[in-house]
Amino acid sequence: MRTARGYVMLTKPRIIELLLITTVPAMIVAKRGLPSLSLIAITVVGGTLAAGGANAANMWFDRDIDAVMRRTKGRPLVTGDVSPRGALIFSVTLEVAAFAILSVGANVLAASIALAAALFYFGVYTMWLKRSTSQNIVIGGAAGAAPVLVGWAAVRDELSLAAWLMFLIIFVWTPPHFWGLAFRYADDYSAAGVPMLPSVASRRASAWQIVAYSVVLVLLALVLGPVAGLGLVYDAAAVLLGAGFVWYAVRLLRSLSPKAAMRVFSYSITYLSLLFVGMAVDVIVRSR
């Protein structure tokens, strides 16, 4: 049972949930309505396997620093619930299955984007950027933004400006989201030798970066409305949720406390989830 649970934890289920909540709304916007349930299921399953495989490879490579950090010392490769060899085989198996499912059930473009994102996350972010630059999560965030492209491509077999704007929204959202968490665990990252921004810059400098990214994020979300042909439901969500994000970021700048940083982190999850739900609701309501 512990081994089975360990393999599940290798996929980082909570992160996958967040990725998928952006994929399905992107499909709905691309379709201008609800896609077939079979296509949604195929895209969700394929995307889950691709992201899970990338996360398992990430844990396989990072098992040395995971053992040092309080936040990650309970991961299955650190505890010994899963062997390094088993984790690597599991990762590759998931990626092969994901590519096959998406290629056959959706299209090769969607499958290729999912595979490219997984390779980028492991080869560029995990193996290179994470341990070498404080801009690691800024550039590496491209992998986490790819699911919207997978969803869009699964429906249309091409990528439009609206799809790329969704990608940019998640790309810009990722740094303030993750820096909020890293702010709280800055000492852990320092001990592990990972130059996450809050562990190598002052609290004030890190907070300013979070504020700056949150402002750009709100502007991108507002631009998406007219580009994607979305209506008042989405626009209202973008304005209200965006105001909340900036408010939490400014509160962090004022207090510079780990508690305020964790509030930014927690709210960022709510923000992204509700923003994309707002997209889906807007399209579905207006398509009736």
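This is a quick talk on one pocket and two helix pairs in a predicted model.

Some housekeeping: residues are numbered from 1 along each chain as its sequence is written, and side-chain values use heavy atoms, without hydrogens or water. As the model is predicted, local features need pLDDT of at least 70 and side-chain atom pairs pLDDT 80 or more, while totals for chains, interfaces and linings use all residues.

Let's start with H8, residues 136-156, and H9 (helices are DSSP runs of H or I, at least four residues, numbered from the N terminus). Their axes, lines fitted to C-alpha atoms over the stretch in contact, sit 7 Å apart at about 140 degrees, on a scale from 0 to 180 between N-to-C directions. So the pair is oblique, meaning neither under 35, nor over 145, nor 65 to 115 degrees. Who meets whom? In contact (heavy atoms within 4.5 Å), the H8 side includes Gly141, Gly144 and Trp152, and the H9 side includes Phe167, Thr174 and Trp179. That contact has 19 nonpolar, three polar and no charged residues; Ala, Val, Leu, Ile, Met, Phe, Trp, Tyr, Cys and Pro count as nonpolar, Asp, Glu, Lys and Arg as charged, and the others, Gly among them, as polar.

Next, H13 (232-255) and H14 (258-287): their axes come within 9 Å and cross at roughly 175 degrees, so these two are roughly antiparallel. Here the contact divides into 19 nonpolar, five polar and three charged residues.

Finally, back to H9, and the second largest pocket. Helices H9, H10 and H12 each give two or more residues to its lining, which includes Phe183, Asp187 and Arg203. By class, that lining has six nonpolar, two polar and four charged residues.

How values were computed. On a 1 Å grid over the protein atoms alone, a cavity is a set of points where a 1.4 Å probe fits but cannot get out, and a pocket is an open set with protein on both sides within 12 Å along at least five of seven lines; lining residues have an atom within 4 Å of a point.
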